[in-house]
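Student: Hi! Could you walk me through this protein?
Tutor: Happy to, here it is.

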Amino acid sequence: MTTAADNASAPTPLAPTGTLRAVINLGNAMLARRGPEGQPTGVSVDLAHALAQQLGVPLALHVVNTAAESVAAVRQGLADVGFFAIDPKRSDGVAFSAPYLLIEGSYLVRADAPQQSNDDVDRPGTRVVVGQGSAYDLYLSRTLQHATLERAPSTPAVVEQFLASGADVAAGIRQPLLAEAQRRGGLRVLPGRFMVIEQAMGCPAAYGDEARAILAAFVEHAKASGLVGQLLARHGVEGASVAPAAG
């Protein structure tokens, strides 16, 4: 989907084809979703537009449904930039900016579940559903010692699989989980968070230092200028905060 001009402009290190190709992951509904007419909309979409405008090139959106697809698109050079939670397992082939958002990861359980705190989750026999390839999947794969992870095909499918399979816990972004608990009833979100997701932008590592510097500067300006905060308000995003300036 090309959203600026049909013809490519002069290439830049971050858009070597002359068009900025941005991959948009609909799996994180806090940052991107389908609009009324089916077009992608959200914080990440608006940031992609702002970056293309700064570079003076048209924008083409490549829309996917999972974080894993988004990372793969950048690694394979199918996209110039993407929006990801920073994780060591994603660093191969992807150069990350500093984070622009901080998002809480939390656990959802049934109302009558024995778990009362995050510390109660990592127990033998506990089944935890995560979205395959999500930040929570990668993090919990490293940190859970006793509970068993079960992977839904995407983050939006986590709660449905959790309920249908009889699993004990669903892991995800706190605010959408709270909304699911309120909408469905009979569910609750455990207090606190099990992780803080650092949401960043990334480009192919092969693009080199100049492209990384352009992306890093854009992210820092987007935070400092108030753009990120304005986009959170514009799209009604709760449960996320603007990340501090890079140290």
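Tutor: We will talk about salt bridges and one buried residue. This is a predicted model, where local features need pLDDT of at least 70, side-chain atom pairs count only at pLDDT 80 or more, and totals for chains, interfaces and linings use all residues. Residues are numbered from 1 along each chain as its sequence is written, and side-chain values use heavy atoms, with hydrogens and water left out.

Student: Cool. How many salt bridges are there?
Tutor: The count comes to eleven, a salt bridge being a side-chain nitrogen of Lys or Arg within 4 Å of a carboxyl oxygen of Asp or Glu.

Student: What does D80 pair with?
Tutor: D80 has a salt bridge to R21, at 2.8 Å from N to O. The two are 59 residues apart, with R21 in strand 1 and D80 in the loop between helix 2 and strand 5. Helices (H or I, at least four residues) and strands (E, at least two) are DSSP runs, numbered from the N terminus.

Student: Is D80 buried or exposed?
Tutor: D80 counts as buried because its relative accessibility is 0%. Buried means under 20% relative accessible area, exposed over 50%, and partly exposed in between (1.4 Å probe, protein chains only).

Student: And what about R184?
Tutor: R184 forms a salt bridge with E180 at 2.6 Å, N to O. They sit four residues apart in helix 5, so about one helical turn separates them. Both belong to a salt-bridge network with E160 and R183.

Student: New topic: where is R174?
Tutor: R174 is in helix 5. R174 is buried yet has no salt bridge.

Definitions and conventions. Lys and Arg count as positive and Asp and Glu as negative; His and the chain ends are not counted.
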